[in-house]
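Biologist: I am new to this structure and would be grateful for a guided reading of it. May I put some questions to you?

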Amino acid sequence: MDWSTEKWIKRTLQNEEGYEPDPEFASSLRQMCLQSLKTKEKRARRVAHLSRVAAVMSVTLVLFMGSAFLISHQNHHAKTPVKPSNPLLATARPETPVPQHRLSPETKEQEIPETNLQSKATSDHNKNITETAAGADQPRGIKGEKEARQFLTQVVGERYSREYQALQRIEKEEGKAEITFTRGKETASDPGSVISVSLDSADRAVGIVVTDSSSADIARIVEFHGLKSPAWIEDMLASRLQLFYRVSTATLIYEMPELEEIDAHSGRFFGKADYLSAQYQHSFIQEVQSQGQSFSGNHVKELADLLTEDTGIEVENLPVHEKKGEKSSTIIWQNEQGKRLTLETNSEGNIIGFAYQESDQHQAERKIQLSELNAREIAARFLSKHMPKSISHVYFYQASRQGNGSVIQMEWMPVIDQIPIRDRSFLITIDLSDGKIIAFRGDFTDIPDKINTRQKPMERAECIASFLKQYPLQLRGTPSIHPLQGDPSFHYRLIGLPPNAVEFNAYTGKCLD
């Protein structure tokens, strides 16, 4: 390899304007650095713990050896007889035996020699030190605090965990509990910044909750684990608001799709319509060449022929039953093998819905042959054939699979002035084994030519900011399956969020019921 040439290339690239590292490389490097810091912090915690244990054991050993030496020395002096300085006295005064008396329990303690009292005091002192060292790491105060604090340290890091004091334990159902930690406050009436750690019936930490999205707590967790910030989540929610028009109220509305949780690591939106997910990599608004053909018939045979032409459904030889009403009529074709078609028309003979069911054998043998994209093309051709000529675009709202996945139902809406009409939708169901439209619901004759907008709608970001005041953003964490090997996982949740899609008045930002 020509090293001089390679060095010249490197210098040339580095001197080029706009020479920046690849964003993916920068992101991966940042994650590696964060992981390295967390690993070092865990190692430092282990070393510090071992150092404390070693220090306590060393102090205990030194005290034990010192007390043993002192006792031995005192016993030696007590047992050694004192030799008189005058040798004559030693022969003149014989040793008189000291009478031995059995001590009563009341006087036994009083008659203990001073040497034994000192030995007992030293022994008690050593015992107290040993008990203190053994209980240094035992949980104190609130039951389950030790387990909760260990998980809190995993979440906020060793650097900040010392700032939190355990406030109280709240008992839950089935033996579960919740330990609340407060930072900067000492009274229960004004706890300040609060983090709640959930415990199971065995006092194992199973979750953590931080509610105040503007607090330093979430900011610390976001920085320590490299999560998406609340501000990022707020912008993401605003980007998913879709503007619609409602004919029934003649107003513009914003709609946020059905939302459950948001992955705090990736920012993925767990909802029915995530514009960034792989499932929806397509344009939602689609152009159509509307032909305005009638979707109606004057009698049963004409309606059957129309369905055969548009959908491929053949029911001409099936027994038929017709039931007429004031505002609508229902026609049913059915045979004994389970094949059935139900068709509904309005008072003017326009088809407003039908549902087709193949024989039992066909349903059992149904296999997927078409993709969702193929089904969308079939539905778009059907809509363009009967949509009024004033409509040049349609909006694909959502799709869902039925049965074993071989049937797909899609919801479409006409678009006027680039705004979908929310309450004039069309439901189209397609059999992915043969491409037949087997169900439909909608009215091509009930679409307005234009819409009324009184004023310009408010910005999406303003609408979401107002919404989050009503439904605060909450960060939740759960331990790893292997706590010593993996980091906790985190997700955001909106407190009290309705289970369905949320609608807002686009002029005021008010959440609609």
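Biologist: Are Phe-382 and Phe-444 buried or exposed?

Modeller: This is a predicted model, and the answer rests on computed accessible areas. The cut-off for a buried residue is under 20% relative accessible area. Phe-382 and Phe-444 are both classed as buried.

Biologist: Which aromatic pair is edge-to-face with 90° between the planes?

Modeller: The structure holds 16 aromatic pairs. In one of them, the ring centres are 5.7 Å apart and the planes stand at 90°, an edge-to-face arrangement. That pair is Phe-295 and Phe-440.

Biologist: How many residues apart in sequence are the parts that this pair ties together?

Modeller: Phe-295 belongs to the loop between strand S9 (285-287) and helix H10 (300-311), whereas Phe-440 belongs to strand S18 (residues 437-441). Phe-295 is buried, at 4% relative accessible area, and Phe-440 is buried as well, at 3%. The pair therefore ties together parts whose separation in sequence is 145 residues.

Biologist: What kind of pair do the rings of Phe-382 and Phe-444 form?

Modeller: Planes over 60 degrees apart count as edge-to-face. The ring centres of Phe-382 and Phe-444 lie 6.2 Å apart and their planes meet at 65°, so the pair is edge-to-face. Phe-382 is in helix H12 (residues 372-386) and Phe-444 is in the loop between S18 and helix H13 (460-470), 62 residues apart. The kind of pair asked for is thus edge-to-face.

Biologist: Which residues do ring pairs link into a cluster?

Modeller: Phe-295 pairs with Phe-440, and Phe-382 pairs with Phe-444. These four residues are among the members of a cluster linked by ring pairs. The full membership is Phe-295, Phe-354, Phe-382, Phe-426, Phe-440 and Phe-444.

Biologist: Over the ring of which residue does the charged end of Arg-422 sit?

Modeller: Two arginines are placed over rings here. Arg-376 lies over the face of Phe-396, 4.8 Å from the ring centre. The charged end of Arg-422 is 4.6 Å from the centre of its ring, which belongs to Tyr-397.

Biologist: Why is helix H8 described as largely enclosed by the rest of the structure?

Modeller: Helix H8 covers residues 216-225, ten residues in length. Among its buried residues are Asp-217, Arg-220 and Phe-224. The helix is largely enclosed because the number of its residues that are buried is seven of the ten.

Biologist: By how many helical turns are Lys-301 and Asp-305 separated?

Modeller: Their side chains meet in a salt bridge of 3.0 Å, N to O. Lys-301 is partly exposed at 48% relative accessible area, and Asp-305 is partly exposed at 34%. Because they are four residues apart in helix H10, the separation is about one helical turn.

Biologist: Which residues do salt bridges that share partners join into one network?

Modeller: The whole structure contains 19 salt bridges. One of them joins Arg-169 and Glu-171 at 2.6 Å, N to O, and Glu-171 is exposed at 52% relative accessibility. Through shared partners, the network comprises Lys-143, Arg-169, Glu-171 and Asp-203.

Biologist: Which residues form a nonpolar patch on the surface?

Modeller: One member, Met-65, lies in helix H2 (residues 23-79). Met-65 counts as exposed because its relative accessibility is 53%. The patch has about 350 Å² of accessible area together, and its residues are Leu-61, Phe-64 and Met-65.

Notes. Residues are numbered from 1 along each chain as its sequence is written. This is a predicted model: local features need pLDDT of at least 70, side-chain atom pairs count only at pLDDT 80 or more; totals for chains, interfaces and linings use all residues. Side-chain values use heavy atoms; hydrogens and water are left out. Patches are made of residues with over 30% relative accessible area and no salt bridge: like charges are joined within 9 Å, nonpolar side chains (Val, Leu, Ile, Met, Phe, Trp, Tyr) within 5 Å. Accessible areas come from the Shrake-Rupley method with a 1.4 Å probe; for residues, only the protein chains shown count as cover. A salt bridge is a side-chain nitrogen of Lys or Arg within 4 Å of a carboxyl oxygen of Asp or Glu. Helices (H or I, at least four residues) and strands (E, at least two) are DSSP runs, numbered from the N terminus. Buried means under 20% relative accessible area, exposed over 50%, partly exposed in between (1.4 Å probe, protein chains only). Rings of Phe, Tyr and Trp (its six-membered ring) pair if their centres lie within 6.5 Å; planes under 30 degrees apart count as stacked, over 60 as edge-to-face and the rest as tilted. A charge sits over a ring if NZ of Lys or CZ of Arg is within 6 Å of the ring centre and within 35 degrees of the ring normal.
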